[in-house]
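Thanks for coming. I have one model to go through this morning, and I will take it residue by residue and then helix by helix. Please have a look at it first.

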Amino acid sequence: MKKIFGPLYVKNAFSPPSAEFSAKARIPDRAAFDSLVQAANENFEGFWAVQAKAELTWHKPFETVLDATNPPYYRWFTEGELNVSFNCLDRHLEDKGNKTAIIFEGEPGEVTTLTYRQLHQRVCRFANVLKGQGIVPGDRVVIYLPMVPEAVIAMQACARIGAIHSVVFGGFSAESLKGRIEDAEAKLLITADGGHRGGRTVALKAAADRALQEGCASIQRVIVLQRTGHEIAMTSGRDLWWHEMEAKADSHCEPVWVNAEHPLFLLYTSGSTGKPKGIQHASAGYLLGTATTMKWVFDIRDDDIFWCTADVGWVTGHSYTTYGPLAVGATLVMYEGVPTFPDAGRFWKLCQDHKVTIFYTAPTAIRALMKWGDDIPAGYDLSQLRLLGTVGEPINPEAWMWYHRIIGNERCPIVDTWWQTETGVHMISPVPGAIPTKPGSCTLPLPGVSAAVVDEQGEPITTADRGGYLVITRPWPAMLRTIWGDDQRYYETYWRQFGGKYYVAGDSARRDEDGYFWIMGRTDDVLNVSGHRLGTMEIESALVAHPKVAEAAVVGRPDDIKGESILAYVILKGNRPAKDGNGGAPLAEELRAWVAEQIGPIAKPDEIRFVDGLPKTRSGKIMRRLLRTIARGETITQDTSTLESEAILAQLQGKA
Ligand code: ATP
Ligand code: MG
């Protein structure tokens with residue numbers, strides 16, 4: 001077995017893009033990529049000015065490109081005026097009015113489509129509904145909807161009239177919704193009776209009612225979309241039906257021209273470290289970033305069918321389901337439900353039925369679907385796919401190879417895109433026609449993005465055998481502007497560590513001899529074993545590469561001698577070995593030896609616990625902080641509601 005990762009780098013094979021892909025790509029080779037990077041290095045502001053003029057339609061042109069008078073509160077394109085919804089819709093109407101903008105499939109299976117003209121009409125009507133309820137530029141509107149076209153319509157309608165939206169993921173509880181509404185002091189809430197997920201009905205209105213009952217004094221109106229049709233309570237004087245309001249509204253609505261820096265949206269991070277942070281994005285810079293990355297990273301073409309599976313409740317659903325595809329006039333696919341309903345072939349069936357050409361999902365989904373074997377995807381025609389992407393977590397090389405072979409048929413490049421809610425858009429990612437990939441690496445920073453790996457002192461780390469802090473050394477147009485209502489926290493969280501010089505991402509990374517970036521995980525997740533810094537990710541990838549392992553999570557425990565010892569939670573492909581006697585012991589030994597061989601003896605887990613499930617966030621990321629608490633035997637203060645059962649908690653604690 002080839003070693004394909006790890007601190008003890010074995011030079012791994014490059015996967016160059018196929019000649020066929022490159023021949024048609026927007027950025028067809030390394031020289032073209034390098035010339036963009038060079039243009040940005042030589043004249044940073046000039047580079048972004050050219051992009052901003054080419055990609056956006058301005059109502060009033062900008063003069064200043066980057067205003068750096070008050071760092072790190074950077075501002076971009078400051079005199080410029082534009083409207084985001086105009087850029088996503090109106091400007092396409094003349095030549096793309098009849099082009100499909102959205103192909104929607106509900107979980108029960110119904111398919112509806114909206115052309116650019118139809119979408120524009122619905123957005124205008126709904127914008128008038130919002131205006132009719134007294135919403136003015138700068139007001140906050142919270143959107144708590146399932147994955148349905150109305151979520152996009154609501155976001156676009158807000159943008160059209162200069163209102164600031166804050167989407168709250170439909171899987172979040174009443175309590176989370178309340179916290180976000182109160183922090184944003186939102187005036188209006190848009191929700192639905194419910195949504196379809198995993199064959200069940202998610203009772204959104206009921207959760208919204210609970211949130212409003214307990215607080216949320218700023219909310220004056222609730223607009224309710226009818227989706228599932230089940231009976232719900234409507235509070236008269238406060239709650240209005242979407243369909244009734246839309247039917248009465250005028251379909252003409254002039255866009256409100258706003259300043260380039262006008263806030264477009266707030267999006268709260270998951271908040272596992274404390275009070276959720278309301279990440280605030282600006283109109284022009286953000287939209288520019290979505291448009292350039294749609295072209296550079298997704299190589300989007302007029303005839304593509306683009307499917308990003310992320311829910312609109314996450315930043316990925318903002319940038320690559322809503323704003324990016326519409327800004328460039330693409331056709332996008334939206335799916336309401338879960339990937340395993342009614343069976344684990346649903347994603348592949350959607351790709352086949354809608355002739356998806358670009359598919360973008362999360363490693364957690366790939367690992368989950370991989371577990372079901374190769375036969376399921378083999379039953380679908382995936383020949384239209386030309387490009388695959390991932391986001392959200394480092395992708396294990398094993399899962400990368402499966403995606404490459406089984407889904408991409410070794411034909412489709414994979415773009416492993418590193419970015420964050422805060423960065424707004426892709427930052428480090430392969431440009432698929434130009435940059436050869438390596439499984440598990442997000443490769444190189446995009447043109448106009450300056451990323452580095454630095455040590456505690458902020459000095460760049462230049463050797464491949466050491467990891468460090470991933471930082472961004474120059475502002476970029478799509479960057480967050482602040483944390484809503486808390487400029488100080490913005491500085492403290494992202495800039496203070498290196499005295500305001502760098503944006504600190506909170507992730508650790510290494511760079512290999514080719515300059516490629518390898519994300520090791522969150523800074524807090526890096527282990528220090530006898531003075532060696534090891535990414536939990538590397539050990540997890542080694543475990544997942546073992547034929548019997550389906551998924552793994554690794555955490556550290558304080559250890560008197562080594563500093564930290566390594567505990568690995570492992571889900572097997574088959575049954576979990578019994579806990580009694582020494583059930584599982586030979587296999588645990590085999591896995592420890594395997595890790596030692598793959599990475600080195602230093603990385604060998606001290607203990608392996610076989611479990612049936614792992615705690616995940618709502619976006620499917622492993623909750624390592626919770627696992628650390630459990631591993632240390634500390635009192636659990638985190639929300640464990642995503643765990644499938646109490647039995648799993650006992651397994652994680654090593655009690656069952
Ligand atoms: P919170 O900040 O509240 O804890 P979060 O960081 O999970 O939430 P996001 O902004 O959606 O919320 O996720 C960004 C993080 O996801 C990155 O900082 C990184 O840790 C991880 N990530 C995203 N894409 C990749 C990738 N391609 N490779 C490795 N890690 C990635
Ligand atoms: Mg984060």
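In which strand does Arg197 lie? Arg197 belongs to strand 9, which covers residues 195-197. Before going further, I should say that this is a predicted model.

I start with Arg197 since the UniProt record, an unreviewed entry, lists this residue under "binding site", together with Gly198, Gly199, Arg200, Thr316 and Ser530. Those positions are spread over 334 residues of sequence, and in space they are also spread, with C-alpha atoms up to 48.9 Å from each other.

Is Arg197 buried or exposed? Neither label fits: the relative accessibility of Arg197 is 33%, and buried means under 20% while exposed means over 50%. Arg197 is therefore counted as partly exposed. If we set aside neighbours within four places in sequence, Arg197 is in contact with Glu107, Val202, Glu336, Gly337 and Val338.

Now Ser530, from that same annotation. Ser530 sits in the loop that joins strand 26 (527-529) to strand 27 (532-534). With a relative accessible area of 43%, Ser530 is partly exposed as well. Its contacts, again without neighbours within four places in sequence, are Lys562 and Ile602.

There is another "binding site" listing in UniProt, also from the unreviewed entry, and it names Val544, His546 and Val549. Where is Val544? Val544 is in helix 17, residues 536-544. The relative accessible area of Val544 is 3%, so this residue is buried. Leaving out residues up to four places away in sequence, Val544 touches Asn396, Glu398, Val549, Ala550, Glu551 and Ala552. Val549, you will recall, is in that listing too.

His546 lies in the loop between helix 17 and strand 28, the strand being residues 549-559. His546 has 4% relative accessibility and therefore counts as buried. Beyond its neighbours within four places in sequence, His546 contacts Glu590, Leu591 and Trp594.

For contrast, here is an exposed residue, Gly574, at 53% relative accessibility. Gly574 is in the loop between strand 29 (563-572) and helix 18 (585-598). Gly574 and Lys548 are 26 residues apart along the chain, and their C-alpha atoms are separated by 7.3 Å.

That leaves the helices. Take helix 7, residues 174-184, and helix 8, residues 204-214. Their axes come within 8 Å and cross at roughly 55°. Why are they called oblique? Angles under 35 degrees count as roughly parallel and 65 to 115 as roughly perpendicular, so an angle of roughly 55° makes helix 7 and helix 8 oblique to each other. The crossing of helix 7 with helix 8 is right-handed. On the helix 7 side, the contact uses Ala174, Glu175, Leu177, Lys178 and Ile181, and on the helix 8 side Ala207, Ala208, Arg210, Ala211, Leu212 and Glu214. By class, that contact has seven nonpolar residues, four charged and no polar.

The other pair is helix 2 (residues 30-42) with helix 3 (residues 44-55), whose axes come within 5 Å and cross at roughly 120°. This angle makes helix 2 oblique to helix 3. Leu36, Ala39, Ala40 and Glu42 of helix 2 meet Phe44, Phe47 and Gln51 of helix 3. The residues of this contact divide into five nonpolar, one polar and one charged.

That is what I have. Questions are welcome.

Note on methods
Residues numbered from 1 in each chain as written. Chains lettered and ligands numbered in written order. Predicted model: local features only at pLDDT ≥ 70, side-chain atom pairs only at ≥ 80, totals over all residues. Heavy atoms only, no water. UniProt positions renumbered as here; feature names shortened; annotations may be inferred. Helix = DSSP H or I, 4+ residues; strand = E, 2+ residues; numbered from the N terminus. Buried < 20%, exposed > 50% of the residue type's maximum accessible area, 1.4 Å probe, protein only. Contact = heavy atoms within 4.5 Å. Axes fitted to C-alpha atoms, helices over the stretch in contact; angles between N-to-C directions. Parallel < 35°, antiparallel > 145°, perpendicular 65-115°, else oblique. Left-handed = near helix turned anticlockwise from the far one by under 90°. Nonpolar A, V, L, I, M, F, W, Y, C, P; charged D, E, K, R; others polar.
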